[in-house]
Amino acid sequence: MARRRSTRLTLLFFLFLSLIAFGVLVPVFALLPSLSQSHNDQQHHPRTKRNPDYVRKFEISEDRFWKEGQPFQIIGGDLHYFRVLPEYWEDRLLRAKALGLNTIQTYVPWNLHEPRAGTLNFEGIADLVSFLKLCQKLGFVVMLRPGPYICGEWDLGGFPAWLLAIKPALRLRSSDPSFLQLVERWWGSLLPKIAPLLYGNGGPIIMVQIENEYGSYGNDKAYLRHLVSVARKYLGDDVILYTTDGGSRETLEKGTIRGDAVFSAVDFTTGDRPWPIFELQKEFNAPGKSPPLSSEFYTGWLTHWGEKNAQTDADFTAAELKRILERNGSAVLYMAHGGTNFGFYNGANTGSNESDYKPDLTSYDYDAPIRESGDVSNAKFKALRKVIEQYSSESLPSVPSDIEKKRYGSIHVSKTGNLFDMIHDFDVVESENPITMESVGQMFGFLLYITEYAAKDYDSGNIVSIPKVHDRAQVFISCPSQDSHGKPTYVGTFERWSNRPLTLPNTKCLSKISLYVLVENMGRLNYGPYIFDRKGILSSVYLDGRVLHGWKMYSLPLINLNENPNINPIIQTAYSGFITMPTRKKLKPKSGNDSNEPAFYAGKFSISEQDKIKDTFISLSGWGKGIVTINDFNIGRFWPLKGPQCNLYVPAPVLKHGENIVVIFELQSPNPELVVHLVDQPDFTCGPSKSNLHQL
């Protein structure tokens, strides 16, 4: 009994001490936050009045991306704001959302934003800030690629053409001090605009790319380091900077900056084994800082004029994407949505040499899952979405319907003026020798060169040669003393890819003969060693071996993308000719060589106020080569004789209720019926299609 009582007293004593201790310690521990709560506060709570020091984080560690402390798999896609009208940005982004994407990647083309030195443009289709804010509103994060070189099948790889007029010549994509000074000025305007939109500042931008595939071009590490320094100056030390290079040791050696200052991503041909390339990628990143990322997973391919339209198999593409995603790799679809090369901004490539010139189509459809006009009812969209859905952290939204297209029917056009009758409206520069388009200040479109030579009275005629012309030159001659008042006659065409001398016909002329050379800039090279691609006549012009001097250069003021139509009197002249057409005799195309005379044609169609304005395509089948504008908007180039593109995409926002005016600048052979058609679908079956289909 005594032992039992003693035990009971002992238990009561320890219970008493425990209560005292608990009473003292509980208030103390109550003042301390739990470790898990502290971690969650840091990782998941947004900046508030209670937590004003919180900074959103997107970071790399353990060979993974981390967003707000959680692993993040980038399933992204390229969608370029400058290839889609602003009115359609949200529509295309929502379609990317329905595909399952969580990230949008886009280039920033310097030439769109600074078309003239010192003249900046961030409005309309160039309103980058609005596009980025829209991406965030719709739940995307953004990988931004501000260059200064972007490639992207875009004129001069995004560099402004006026860089080519600077003397002494700049060394693009290098540590040339004069070039870097201009890059610093450009980034000094651009980067402060995007700094508030960095992820750490509350915006959508998680990563910013330095240059683009530099390892395929050069090995100037000082250049890359300088770009990093400028980016850090404006964007700070926390944002992830990255490079993208082909998945080979050589390109990665040349294009990356070793260490942890810049993350190295890779791209490679769809169908290559991805994981050995991702292992190679690790060698060019700091330990633990190499999440596998294909920053350009090709969903299709580009197409040049004269080729068959590029296509890739839907199931094959989806299966290759699955090989990356199923092992927690990240990928950015290039392209998710291609869009359109409106105006004169298409790029070009070369083959084995500078003369093996291959300009890109107006369409940048790219055989992407979201087609040029936004259509998603295709096998590739479905196949890719099915794969992405397996790895998405969220349920995918429903797939929107395709935007309705409309056949507006046939438009009969009238000839409103010959080019040579309009040259009094053009700015002119005189020089002893031909000078480049860039030196004249004509960055895009066409430049007309005119000189004179003495008539030669023998049957064999004269031989004219232009050793270097970029890119295509139509040649005409006229005799001002003849009864036709010197109406130019077509002689032939020089082409960069097929440059042969021309024989001029023997012309009995009492005065000197005028020689006209109309040169078209068909798009500057955007990739490869010949990117310093000036346009126009780049050599002397020879007549029977003798150099011709005394040139006048006339600039054709045709409207380009995002330009004010008021500064384009040539289109206004065409409008004027069309508007007054009923009051005067219509100009009829004539047979023979006259059919090759460049001329303007105009027509109109109406949309009732009661009808909804819809997308359409303008079919130029039966026409030769040129450009087309609708309501002062440059839809782009057409060349159905070469193919494969027959129809140009016309987004609904270009059109309006009431009267819509179409102006065609035809370089050689108009449709015999002088008619164009507005149809409801694309067509890539024109031309001889001599090249093989690019098929993966």
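So, the second largest cavity: its lining is made up of R83, V84, L85, Y88, R92, H337, G339, T340, F342, E372, Y649 and P651. Keep in mind that this is a predicted model. The space inside that cavity comes to about 50 Å³. As for the chemistry of the lining, we have six nonpolar residues, three polar and three charged.

How many cavities of 30 Å³ or more turn up in the whole structure? The search finds two. The largest has a volume of about 100 Å³, and 14 residues line that one. Closest to its centre you'll find L302, T303, S363, Y364 and Y366. The lining of the largest cavity splits into seven nonpolar, four polar and three charged residues.

Okay, on to the strands. Strand 1 covers residues 58–61 and strand 2 covers residues 64–67; the two run antiparallel, with four bridges joining them. If you want a pair to look for on the screen, S61 sits opposite R64 in strand 2. These two strands make a hairpin with two residues between them. Which residue in that turn has a positive phi? That's E62, at about 55°.

Now carry on along the chain. Strand 2 also pairs with strand 3, residues 70–72, again antiparallel, through three bridges. Here K67 is the one facing Q70 in strand 3. Strand 2 and strand 3 form a hairpin too, with two residues between the strands, and E68 there takes a positive phi near 55°.

So when you open the model, go to E62 in the turn between strands 1 and 2, then to E68 in the hairpin of strands 2 and 3.

Key: Residues are numbered from 1 along each chain as its sequence is written. This is a predicted model: local features need pLDDT of at least 70, side-chain atom pairs count only at pLDDT 80 or more; totals for chains, interfaces and linings use all residues. Side-chain values use heavy atoms; hydrogens and water are left out. On a 1 Å grid over the protein atoms alone, a cavity is a set of points where a 1.4 Å probe fits but cannot get out, and a pocket is an open set with protein on both sides within 12 Å along at least five of seven lines; lining residues have an atom within 4 Å of a point. Grid points are joined across faces, edges and corners, and a volume is the space filled by probe spheres set on the points. Ala, Val, Leu, Ile, Met, Phe, Trp, Tyr, Cys and Pro count as nonpolar, Asp, Glu, Lys and Arg as charged, and the others, Gly among them, as polar. Two strands pair if DSSP finds at least two bridges between them.
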